[in-house]
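Here are some exercises to work through with the structure open beside you. Try each task before you read its solution.

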Amino acid sequence: MNYRKLIFILLIINAFCLSKTVAQKDEIKINFAGSNVPFIEFLKEIEKNRTIKFYFNPFWIDSIKLSVNYKNTPLIQVLNEVLIPYNLHYYIDDQGNVILTKEKSIQSTLTEEYITANAERNSTEDNTDISEKYKYNENQEVDEVISIGTKNNKGNSIATIIGYIKDVDNGEPLTGATIFIEELKTGTIADADGYYMLSIKTGTYHIIYRTFGMKTIKKEIVVNSDGQLNINLSKELVSLTEVVVRQDKYNNIRGMQIGLEKLTMKEIKELPLAVGESDILKASLMLPGIQTVGESAAGYNVRGGSADQNLFIINSVPVFNTSHMFGFFSTFNPEVIKDFKLFKSNIPVEYGGRISSVFDIQTKQGNKKNFTMKGGISPVTAKLSFEGPLIKDKSSFILGIRSTYSDWILKQIQNPAIKNSNVYFNDIIANINYEINDNNQLTLFGYYSKDNYKLASDINYNYYNYGSSLNWKHIFTKRFYSNITAVLSDYHLEVTNNTLVESAYKFKHNVKYYEINEAFNYLPNTKHEIKFGFSSIFHKIDPGSYQPINEESVYKNKTFETESAMESAVYIGDMFEINQKFSAEGGLRYTFFNYLGPKTVYSYLENSIKSTSTITDTTYYENFESIKKYSGLDIRLSFRYLINNLNSLKIGYSRINQYLFLLSNTVSISPTDRWKLCDPYTKPIVGDQYNVGYYRNFNNTNLEASAEIYYKENKNVPDFKNGADLVKNENIERDILSGFGRNYGIELMIKKNNGKLSGWANYSYSRSEMKFKGKSMEETINNGEFYPANYDKPHNVNIVTNLRLNRRLSFSTNFTYSTGRPATYPVSKYELNGNTIIDFSNRNAERIPDYWRVDASINLEGNLERKKVAHSFWMLSVYNLTGRKNAYSVYFEQEKGKVKGYKLAIYGVPIFTISYNFKLGNYASN
Amino acid sequence: MQVIKTWIKWVGLFCIFLQSCIYEYNPELSKYNDLLVVYGMITNAKGPHEINLTRTTTVYGNKSQPETNANVTITDDKGNSIKLIEKGKGNYFTPDNFVGIIGDSYKISITISNGKHYESDFVKMVDVPQIKDVTTEYQTKMDSKTGAELKGYQFYIDVDGSAGAQKYYRWEMEETWEISMPYNINFYWNGDTLVEKTFPKRCWRHAKVNEIIIANTLDYQSNTIKKLPLNYTTTETERLSIKYRLWVNQYALSEKSYLYWKGQVENSQQQGSLYDKQPYQVIGNIKCIDNPSEIVLGIFEASAISSKQVFIKRPQGNIPYGFETCESFQYSALSDIEKRMPYYASFSLLDSIIVRSKNCVDCTATGSIPTMPDNWE
């Protein structure tokens, strides 16, 4: 307890320290005398021998001449005297950067973002020619006035500006770039295709395009009527220090979203990880509210939800099994991923079907200008990716391949059991896009991941996911565009048991998913942003089949009936900016689930336990005949109140229906668990979530902080009878229990995005409780009272830091702590027919020991020469630095009548790994 | 079941591969339920059949206490009842002449000394097919905890149940092995006189195989079981030093009984993997009549029985003996050994006295029996 408190106090102290350094900058004293000295010369003089630097637009000050005699005059006084008559303002940040601004109005959010953007650059900048040049070449180049639309438009009407924002070097869309109208203090964010849409009154404005790591562009525009403005942003010179992917700079304060987590690929890549493999899903565990049952366990628990309540989509393709190598890795190759968003609450209305969260992963589109290649090798995997244009500036591709060579390692180990093992996995991601014209764009995406392993036995596990999506983006008018997407996803699982010829069998399971969805975005005026659309999914699940694989085998060929269903949804949502302070977002999603034949359905005696003896009727349903229909109305509601530019308050409510779940009765989900649709006996899971969030950015620093509170209620949560066979079960409805779950918690997060030292720290208190009160004893768990779910780990602390020593060398550490997960411990023992039996009572009444871990890594970039063949990146990481033997599970065994407890630790020692990555071209080339 | 068993093996492998490991960890266990435990099975073989009544004990505690002085009766569905007699603490026996009849149903009624009544459900005695064969294979295995290589015999069972409808089985095994003391002695010193005495050199030892082995034929083409693994006997013990017998009893279970044993298997043998199931309290077919919410552990079963024995000899080749090392001391004079009494001595050719530990010369010293068991071949 005290330990946790201490960490929190440390965080707060840290925050104070930062603000103190800012204060010290005020102490600079000026000694200067001269007459008719250009102000610009004066500033250069001040910069000499000091860490201080000035940033300004030379146009503003070229007329200023000084005739002064300063002796030990504070800098602040000097600046006030000189600048105020010219209506200039200044801002000093903690790096010693002084930024001059012209208009007072810039003291808005814009100022704050603007300053942040400057600080980002300067913090990583050294005293080189580059920065000198850049300094006077400030980011606003109002070199030309752009006229949009036709001039004969009368009056003060509304015009819509659309366009694409892309990287000038490779044509890659700049997802999440912000577009800001200075005069109106309004703006928007570019979507995954770099596309934006903005409605404003006609007139003359300054428009600013900005995204992390790219030069900000400011243009003066005259808006006459609707029109298009495509912008190519070039990399900032100092973006040399940044890696690969730009941050989607989501504004915490202004954005509508509650419970949104984003990690940049840069953050992910610098986290020290267990086996030297960057992993977006494992990295997300350092965020508040995301947990697993145990170290390296497959399955993620978001805000107390079970693992099957998360939707994992990569370019719209759902992935049904996200684990490689029993959960040690995720199946998403980080090399080709551009952007990763995690919605923990208020999931946008265009998504549906899972009640806890959406992990939305976007791949890169591919370089539209040049061919490039990247690769890497870690102790377990090797990977390569290629990208380049197919038709220059019009069409590009990206291909990422990753494979393990652990099989080869196993073969080197001189142990017969291990030699008899194999572990193999690979994944391939490919994406092609084609811009037919300004109004039409096609994207074709393919995904494949495969695992095959056999460990010291003759049981072979083989599973693979493949999926594909085809997206057509069409712009109807300047205010209206649509995305039509066709999606296919297929998951196969196959277990072959060859241990004994006489009982050899093969088990197969297959999930098929076909989806068509159409999403429309419409901007009727400046206040509303409307989205609507529909989706239709056809699910086909083959629960499995058991087959003997030779003539000797005793097994019979057992095939289960497949189940199919249509899951359709229509939705509409509106983001409404009520006034400068208030915004509201609402959405309705009507979902309709139709469970279809062919299938045999049993009816059971009412109010009795379902079993062979209580069957009253058997009905056979024909192909596509409707067996059972469910429908539900999903709701999304959220309000944002902007207290001021640095503080906002948001509240939200959402309801989601879920029609698909995982048959799993293990504590952590196993890679061989099967999927199941809702059926006449298993009702859809309905999740309600209420949440409140407070967001604060600290003015003079890069710190952003948030506090979110949530309460969730989940109805019809499935669990299974004790001892139920979930694999060879034809009538699973007899073993499914239906329960109620409630989750609540508070998440506190503080994050520093930029600077020499960056990182975040969070604390969350979260509870997840279940209640199963059935008609009979065997349908009831813990006497029908609330009990903690397997993943109920109340206290959590994560601290991630990244210290950038210079452009080439950085040092990262992680600290993570959580309460031990609940476990069922024995209450007594007894003798039974010569065997000592351990007796258990209430489920999850005790807890395994607390978990904590420290990791560290050193990241070394290759040299920074501009012209070279390839650039390299080394990472040396230590996972579990202290070698703590964290318990994965605690279990009990009897030996000769004595009961002994054991704990299983997955990584009981520090794990050292070294990984190497390279890319063709220099550091900055993507 | 097979699937989960292999997960366990994996963990052993991870220990080596990823240097993860299993550590002893005994958390404090504050909760304790004091419950009655009933176990008994009646068969169609000649009695006496035994019913055991015990109480649960604390997890880290000693052996469970018997429930003594209870009134135990078995009643069949025709209304006949017999009273069981307590011989030894908590062990209740049917009369010798009691034989279960296939097709009849039986229940047990218990009144314990504090007056509480307990009763089982009626259990039907079902027929069981003959054991077709018990076979062995000499195999090398990996110890899932230590990773050490083991050698030994794996036993398998074949059952041809195609004629019947029986789908659920349980097997009990009893092992008997012959041992022989490695040394002869010439004299036994009782502290007073040197007595010329011989000790039984050839003995047999019995043990119950404490492993729950069950199977069902639900997914099989017929009710025929082929090569189902029973126990594994390693050369690490003395069991295989001369000759070894496995006696297999086969029982037919009801579905409920099968699920009961399956639960016990899941709780005891399938923990400590990456994918553990939640352990749970396994409840059988016995209820407290006075207080239906009181939990009673254990089960009462009725089954026909069929048995088979199989013998194996010491495997060929250079295998470890499995004997504990025999302590020997060599002395040159009788007077020197007086401080070690009583002792077992042999005179060596070089006229010195070699003293052996008792465990190396007297096979009855560790509880073995010097008489040949019935049906020993």
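**Exercise 1. A lysine in a loop**

Task: Find A:Lys581 in this predicted model and work out whether A:Lys581 is buried or exposed.

Solution: Start with the address. A:Lys581 sits in the loop that links β34 (563-577) and β35 (582-596) of chain A. Next, count neighbours: there are 12 C-beta neighbours inside 10 Å of A:Lys581. A residue counts as exposed with 12 or fewer, so A:Lys581 is exposed. Then look for partners beyond four places in sequence: A:Lys581 is in contact with A:Tyr641 and A:Leu642. Finally, try a distance. A:Tyr448 is 133 residues away from A:Lys581 along the chain, and their C-alpha atoms are separated by 46 Å.

**Exercise 2. One strand, two partners**

Task: Which strands pair with β24 of chain A, and in which sense?

Solution: Take β25 to begin with. Strand β24 (residues 372-377) and strand β25 (residues 381-391) of chain A are antiparallel and share six bridges. One pair to look up is A:Ile377 with A:Ala382 in β25(A). Three residues lie between β24(A) and β25(A), and the two strands form a hairpin. Now turn to β57 (residues 911-920) of chain A: this strand is also joined to β24(A), by four bridges, and runs antiparallel to it. Here A:Gly375 has A:Phe918 in β57(A) as its bridge partner. As background, strands of a sheet pair through backbone hydrogen bonds, either parallel or antiparallel.

**Exercise 3. Laying out a sheet**

Task: Put the strands of the sheet that holds β8 and β11 of chain A in order and pick out its edges.

Solution: The order is β6-β12-β11-β8-β9 (chain A), which makes five strands in an open sheet with mixed pairing. The edges are β6 (145-148) and β9 (186-189) of chain A, since each pairs on one side only. On average, neighbouring strands of this sheet are turned by 30 degrees against each other, direction ignored. For a check inside the sheet, go to β8 (residues 178-181) and β11 (residues 203-210) of chain A, which pair in the antiparallel sense over four bridges. You should find A:Thr178 opposite A:Arg210 in β11(A).

**Exercise 4. Where the chains touch**

Task: Describe the side of chain B that touches chain A, and say which element gives the most to it.

Solution: First, the totals: 64 residues of chain B and 63 residues of chain A take part in the contact. Elements of chain B that each supply at least two residues include α1 (2-17), β1 (21-24) and α2 (255-269). The top contributor is α1(B), with nine residues. Sorted by class, this side of chain B has 29 nonpolar, 23 polar and twelve charged residues.

There is strand pairing across the chains too. β56 (residues 898-905) of chain A runs antiparallel to β1(B), and four bridges join them. Look for A:Leu904 opposite B:Ile22.

Now follow α2(B). This helix has 15 residues and spans 20 Å from first C-alpha to last, close to the 21 Å expected at 1.5 Å a residue. Its buried residues include B:Tyr258, B:Trp261 and B:Lys262. What do the buried residues of α2(B) pack against? They meet β51 (835-840) of chain A, together with β13 (168-180), β17 (213-216) and β21 of chain B.

**Exercise 5. A hairpin in chain B**

Task: Trace the pairings of β4 in chain B.

Solution: On one hand, β4 (residues 71-76) pairs with β8 (residues 105-111) of chain B, antiparallel, over six bridges. B:Thr73 stands opposite B:Ser109 there. On the other, three bridges join β4(B) to the antiparallel β5 (residues 81-83) of chain B, with B:Thr75 opposite B:Ser81. β4(B) and β5(B) form a hairpin with four residues between them, and B:Gly79 in the turn has a positive phi of about 95 degrees.

**Exercise 6. How far to trust chain A**

Task: Where in chain A does pLDDT stay under 50?

Solution: Begin with the overall figure: chain A has a mean pLDDT of 82, and 87% of its residues reach 70 or more. Then pick out the weak stretches. Residues 1-25 of chain A stay under 50, and so do residues 104-142 of chain A. Where pLDDT is low, the predicted coordinates should not be read in detail.

How values were computed
Residues are numbered from 1 along each chain as its sequence is written. Chains are lettered from A and ligands numbered from 1 in the order in which they are written. This is a predicted model: local features need pLDDT of at least 70, side-chain atom pairs count only at pLDDT 80 or more; totals for chains, interfaces and linings use all residues. Two strands pair if DSSP finds at least two bridges between them. Axes are lines fitted to C-alpha atoms, for helices over the stretch in contact, and angles run from 0 to 180 degrees between N-to-C directions. A residue is buried if 20 or more other C-beta atoms lie within 10 Å of its own, exposed if 12 or fewer, and partly exposed in between; C-beta atoms are placed from the backbone. Two residues are in contact if their C-beta atoms, placed from the backbone, lie within 7 Å. Ala, Val, Leu, Ile, Met, Phe, Trp, Tyr, Cys and Pro count as nonpolar, Asp, Glu, Lys and Arg as charged, and the others, Gly among them, as polar. The expected span of a helix is 1.5 Å times one less than its number of residues. pLDDT is the predictor's confidence in each residue, from 0 to 100.
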